[in-house]
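Me: I have a model open on my screen and would like to understand the words people use for it. Could you take me through them, term by term?

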Amino acid sequence: MVKLNKIYTRTGDGGSAGLVDGSRVSKSSLRMSAIGEVDEANAAIGVAIAAVGPGELADRLLTIQNDLFDLGADVATPGEVNGALRIVAPQVDRLEGEIDAMNASLEPLTSFILPSGSAAVATLHLARAIVRRAERAAVALHESEPLNPQLLAYLNRLSDHLFVAARRVAASEGGDVLWQPGATRG
C-alpha cells in the first residue's frame, strides 16, 4: 500500500520523476506523458461521476477509476519486476461485459453522434476523448518500450465503454444528438 506523509519531496525539482523500480526519467519522457494522460483521464471520469449522479453507472465508473490507478502503476513500472501491479485480462473482460450489457438496449447507430446533450452525456464524451489521448500516449510509449498488452486493450475498451455509457444516458434523456452532414453550410 501507498503511504504519503509528505506531499512534496523536492526530488522532481530538476525535471525528473521516480518510477516504481526506483529509476528516474525525465518528466518530458514518453512514459511520463502516458502516466499524465492516464491521470487526466481518471480526473475526467471523476467529473463524469459527479455529472451522472449516484447509481449503477457511477459505481462502474468508480471501479474504472480504481483500475486506472492500477494502469498508471503498470505504466510506471518498466520492464519485468516481480510482483508488479499489472492490468489483467479479467479487467478488460469486465469492461467488455459492461459494454455489451449497456449496448443491448440501444438502437443501432444510423449517424455519427455529436458529443453533446446533458452535462452527464457531454462529460462522458469528454472523458472518452481524453481516454483516447491517453491511449495514443501509451501506444507511443509502447512503440519504443513494450508495455503490457492488456494495458493497451484496457484503454481501447475504456473509450468504447464511455461512448456506450454516454449513449445509454442520452437514451434515457430523449436520445443522441445526431450529426447532420452539411446542415450548416447555408
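Reply: What follows is a set of questions on how this predicted model is described, with the reasoning behind each term.

Me: What is the order of the elements along the chain?

Reply: From the N terminus on, they run β-β-α-α-α-α-α, which gives five helices and two strands. The C-alpha atoms fill a box of roughly 55 × 40 × 30 Å along the principal axes. Of the 186 residues, 39% count as buried.

Me: Let's start with helices. Why are α4 and α5 called roughly antiparallel?

Reply: The axes of α4 (residues 119-144) and α5 (residues 149-172) cross at roughly 170°. Angles over 145 degrees count as roughly antiparallel, so α4 is roughly antiparallel to α5. Their axes come within 9 Å, and the crossing is left-handed. By class, the residues of this contact are 18 nonpolar, four polar and four charged.

Me: And what makes α3 and α5 roughly parallel?

Reply: Here the axes cross at roughly 20°. The cut-off for roughly parallel is under 35 degrees, and α3 and α5 are therefore roughly parallel to each other. These axes come within 9 Å, and the crossing is left-handed. The α3 side of the contact includes Gln 91, Arg 94 and Leu 95, and the α5 side includes Tyr 154, Arg 157 and His 161. Sorted by class, the contact has eleven nonpolar, four polar and seven charged residues.

Me: Why give both an angle and a distance for a pair of helices?

Reply: Because two packed helices are described by the angle between their axes and the distance between the axes.

Me: Now for single residues. How do you know that Tyr 154 is buried?

Reply: Tyr 154, in helix α5, has a relative accessible area of 0%. Buried means under 20%, so Tyr 154 is buried. Setting aside neighbours within four places in sequence, Tyr 154 is in contact with several residues, among them Ile 64, Asp 67, Leu 68, Gln 91 and Arg 94. Arg 94 is 60 residues from Tyr 154 in sequence, while their C-alpha atoms are 9.8 Å apart.

Me: What makes the pairing of Tyr 154 with Asp 67 a polar contact?

Reply: The two side chains meet at 2.7 Å. A polar contact needs a pair of N or O atoms within 3.5 Å, one able to donate a hydrogen and the other to accept it. The value of 2.7 Å falls within that limit, and the pair is listed as a polar contact between side chains.

Me: Which side chains does the side chain of Gln 91 make polar contacts with?

Reply: One is that of Asp 67, at 3.1 Å, and another is that of Asp 70, at 3.3 Å. Both values are within the 3.5 Å cut-off. Gln 91 also touches Arg 86 and Tyr 154. Asp 67 thus appears in the contacts of Gln 91 and of Tyr 154.

Me: Why is Gln 91 called buried?

Reply: Gln 91 lies in helix α3 and has a relative accessible area of 10%. The limit is under 20%, so Gln 91 counts as buried. Its C-alpha atom is 9.1 Å from that of Ile 64, which lies 27 residues away along the chain.

Me: Can we compare two serines? Why is Ser 29 buried, and why is Ser 105 exposed?

Reply: Ser 29, in the loop between β2 (24-26) and α1 (30-52), has a relative accessible area of 17%. Under 20% is buried, so Ser 29 is buried. Ser 105, in the loop between α3 and α4, has 51%. Over 50% is exposed, so Ser 105 counts as exposed. The C-alpha atoms of Ser 105 and Arg 168 are 8.3 Å apart, with these positions 63 residues apart along the chain.

Me: What do the side chains of Ser 29 and Ser 111 reach?

Reply: A polar atom of the Ser 29 side chain lies 3.1 Å from the backbone nitrogen of Met 32. Ser 111, in the loop between α3 (89-103) and α4, reaches the backbone oxygen of Trp 179 with its side chain at 3.0 Å. Beyond its neighbours within four places in sequence, Ser 111 is in contact with Leu 178 and Trp 179.

Key
Residues are numbered from 1 along each chain as its sequence is written. This is a predicted model: local features need pLDDT of at least 70, side-chain atom pairs count only at pLDDT 80 or more; totals for chains, interfaces and linings use all residues. Side-chain values use heavy atoms; hydrogens and water are left out. Axes are lines fitted to C-alpha atoms, for helices over the stretch in contact, and angles run from 0 to 180 degrees between N-to-C directions. Helices (H or I, at least four residues) and strands (E, at least two) are DSSP runs, numbered from the N terminus. Angles under 35 degrees count as roughly parallel, over 145 as roughly antiparallel, 65 to 115 as roughly perpendicular and the rest as oblique. A crossing is left-handed if the near helix is turned anticlockwise from the far one by less than a right angle, and right-handed if clockwise. Ala, Val, Leu, Ile, Met, Phe, Trp, Tyr, Cys and Pro count as nonpolar, Asp, Glu, Lys and Arg as charged, and the others, Gly among them, as polar. Contact means heavy atoms within 4.5 Å. Buried means under 20% relative accessible area, exposed over 50%, partly exposed in between (1.4 Å probe, protein chains only).
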